[in-house]
Amino acid sequence: MERSITTTRSTRRWPTKVAPLIAALLLSLLAAAAASAREYLQLFVVQPYLELHTGPGRGYPVTQVVARGESVDVLMRRTEWFKVRTEHGVEGWAYERDLVHTTLADGTPFQINLGDRAGFAAHRWESGVFGGAYAGASTISAYQAFSLTDNLKIELSGAQYLGNLSNGYLVDFGFAHVFMPNWRFSPFVTLGGGYERVEPKATLAEPLSSSNQTAYVGVGVRYYLGRRLFLRGELREHEVFTNQNSNEVKNEWKLGFAFFY
Amino acid sequence: METRICILLLSFVALECSGCAIFHRHAKPDADTQSSDTNAQTSPDSDANAPPPSVIDPQVERRTVKVPSIRPSNVELGVYYGELSIQDFGAQPVAGLRFDYHISEDFFAEATYGRAKAGFTSFETLSNIQLLSDAERRFTYYNLSLGYNLLPGEVFVGRNLAMTSAFYLLGGIGSVKFAGDQNFTVNFGAGFRVLPTDWLALHIDVQDLVFRSDVTGEEELKNNLQATFGLTVFF
């Protein structure tokens, strides 16, 4: 009888035994968090004053200014806005074009990649989303590109196409060469290869899925809209290597928006 | 006699000095001298090209000053829950995941993935005939959209609390898997975002998912209105 009581009690007390463990774990996590407390970038105001807005947007009112010679700690960045803390502990949002007039502790100017025309011409990453058609089927596609140089980029794109007869997926990997990256309206060519997955609709006689290797060549244009955003349109011709007697040629067009960072 | 003693002493001194020189010659040269000798033998021109020996060699490494990086916080990740009115199949609960990337102060890109389960058409309810199987009734979709913060602003809770907010418009494309078919979908809508803190956002969204389908007989545009509450965290 006593044993059973002991068992029950021990079962009930189990959470209380675990509680200190959890508390210790939480404390250690907190300690780890405190230990890894960030060191913030310190910027010095060299212009007459630096305006601080109440929110990360041009319309938010300016309620604080930081005087020349004072410094701010940069807590984080959201789009073109930087949350900063003044020496007096006041927090606010500073605009990136105001912060480029500040300096680091050693007196060198604070440099930052602005989302402007210069950034459109020279950037490291870009991503985008497109709508279009592949061999008559509607497509939804997205891409990611990495700039090897201002002109040459490696691109990875994925698409889903939805047609009357079949659905499927495309994955492409290749190169893009932009001819005049500094032009607002800049043409480019693409070259690469990939895979095509075809899933015929169940109502057809041959509902067999298949995967084929492809190669593509394309031509397109980019049009700079503003900030980090641009339009991108492209025509691609895919050579699909099937296991039939002849290869298939499928055309794709796509148009959408992209952004760089 | 004295001169003899002098000669003897002088010869002893001379012998002693030469003896020291002999001992010194046989003493082992230290390693540095030896190595420099070797170098001199192997590259006789190196002395001419070598920089002049520095007077002070300060053995102090230059400190590299590490500039702290700025934490970017442009990505929003979260969940939403609400009601989706699937045309002809009634309104049903919908739940989903959303991913936002804030491109600029004005624009953001959004990817969403949602799931719902369609109800019954009035025909099915009245006739007791099921048009769709259970699996086909599953309504799954994804959207890739571009959003525009049309009306950014602040909301005030009481006297002391102000939270940044934005009313935004959203439009994009995607795909809906429903009734055994997958359809190209166009979505558009509007939403409201409030940020109680810099890292947390609450959303209210209304969207229309439009696609062409022949599930109820003839092919037509299906409008599927969705109203959701969302919770996202900024990274």
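In chain B, 53% of the contacts with a separation of 6 or more are made by residues that lie 24 or more positions apart; two residues are in contact if their C-beta atoms, placed from the backbone, lie within 7 Å. The structure is a predicted model, in which local features need pLDDT of at least 70 and side-chain atom pairs count only at pLDDT 80 or more, while totals for chains, interfaces and linings use all residues. Residues are numbered from 1 along each chain as its sequence is written, and chains are lettered from A and ligands numbered from 1 in the order in which they are written.

Chain B has 4 helices and 8 strands. Helices (H or I, at least four residues) and strands (E, at least two) are DSSP runs, numbered from the N terminus. Read from the N terminus on, the elements of chain B follow the order α-α-α-β-β-β-α-β-β-β-β-β. The 8 strands close into a barrel in the order β1-β2-β3-β4-β5-β6-β7-β8 (chain B), with antiparallel pairing. From one strand to the next, the twist averages 25°; the axes are lines fitted to C-alpha atoms, for helices over the stretch in contact, and angles run from 0 to 180 degrees between N-to-C directions.

One pair of strands in chain B can be followed in detail. Strand β4 (residues 138–157) of chain B and strand β5 (residues 161–178) of chain B pair in the antiparallel sense over 17 bridges, where two strands are said to pair if DSSP finds at least two bridges between them. Within this pair, Tyr148(B) has Leu169(B) in β5(B) as its bridge partner. Of the 235 residues in chain B, 27% are buried. A residue is buried if 20 or more other C-beta atoms lie within 10 Å of its own, exposed if 12 or fewer, and partly exposed in between, with C-beta atoms placed from the backbone.

The confidence of the prediction should be read alongside the fold. The pLDDT is the predictor's confidence in each residue, from 0 to 100. Chain B has a mean pLDDT of 83, and 75% of its residues reach 70 or more. Confidence in chain B is highest in strand β1 (residues 75–86) of chain B, at 97, and lowest in helix α2 (residues 31–42) of chain B, at a mean of 43. Over residues 19–44 of chain B the pLDDT stays under 50, and the model has 2 contacts beyond four places in sequence for this stretch. The model scores ipTM 0.83 and pTM 0.78.

Attention now turns to chain A. Its secondary structure comes to 3 helices and 14 strands, and buried residues make up 29% of its 261 residues. Chain A is divided into domain 1 (41–112) and domain 2 (119–260), with bounds that come from an automatic or database domain assignment. The centres of domain 1 of chain A and domain 2 of chain A, taken over C-alpha atoms, are separated by 41 Å.

Chain A also contains a barrel, which 8 strands close in the order β7-β8-β9-β10-β11-β12-β13-β14 (chain A), with antiparallel pairing. Neighbouring strands of this sheet are turned by 25° against each other on average, direction ignored. Strand β11 (residues 185–200) of chain A runs antiparallel to strand β12 (residues 210–226) of chain A, and 14 bridges join them. The bridge partner of Glu196(A) in β12(A) is Asn212(A).

In a regular strand the side chains alternate between the two faces of the sheet. Strand β2 (residues 49–53) of chain A shows this alternation: Leu50(A) and Leu52(A) point to one face and are buried, whereas Tyr49(A), Glu51(A) and His53(A) point to the other and are not. Strand β2(A) is joined by 5 bridges to strand β3 (residues 62–67) of chain A, and the two run antiparallel. Opposite Glu51(A), in β3(A), stands Val65(A).

The two chains meet in a contact that takes 33 residues from chain A and 26 residues from chain B. On the side of chain A that touches chain B, the largest share, 4 residues, comes from β4(A). By class, this side of chain A has 15 nonpolar, 9 polar and 9 charged residues. Here Ala, Val, Leu, Ile, Met, Phe, Trp, Tyr, Cys and Pro count as nonpolar, Asp, Glu, Lys and Arg as charged, and the others, Gly among them, as polar.

A single residue completes the account. Phe82(A) lies in strand β5 of chain A, and it is buried because 24 other C-beta atoms lie within 10 Å. Not counting residues up to four places away in sequence, Phe82(A) touches several residues, including Val74(A), Trp93(A), Leu99(A) and Ile70(B).
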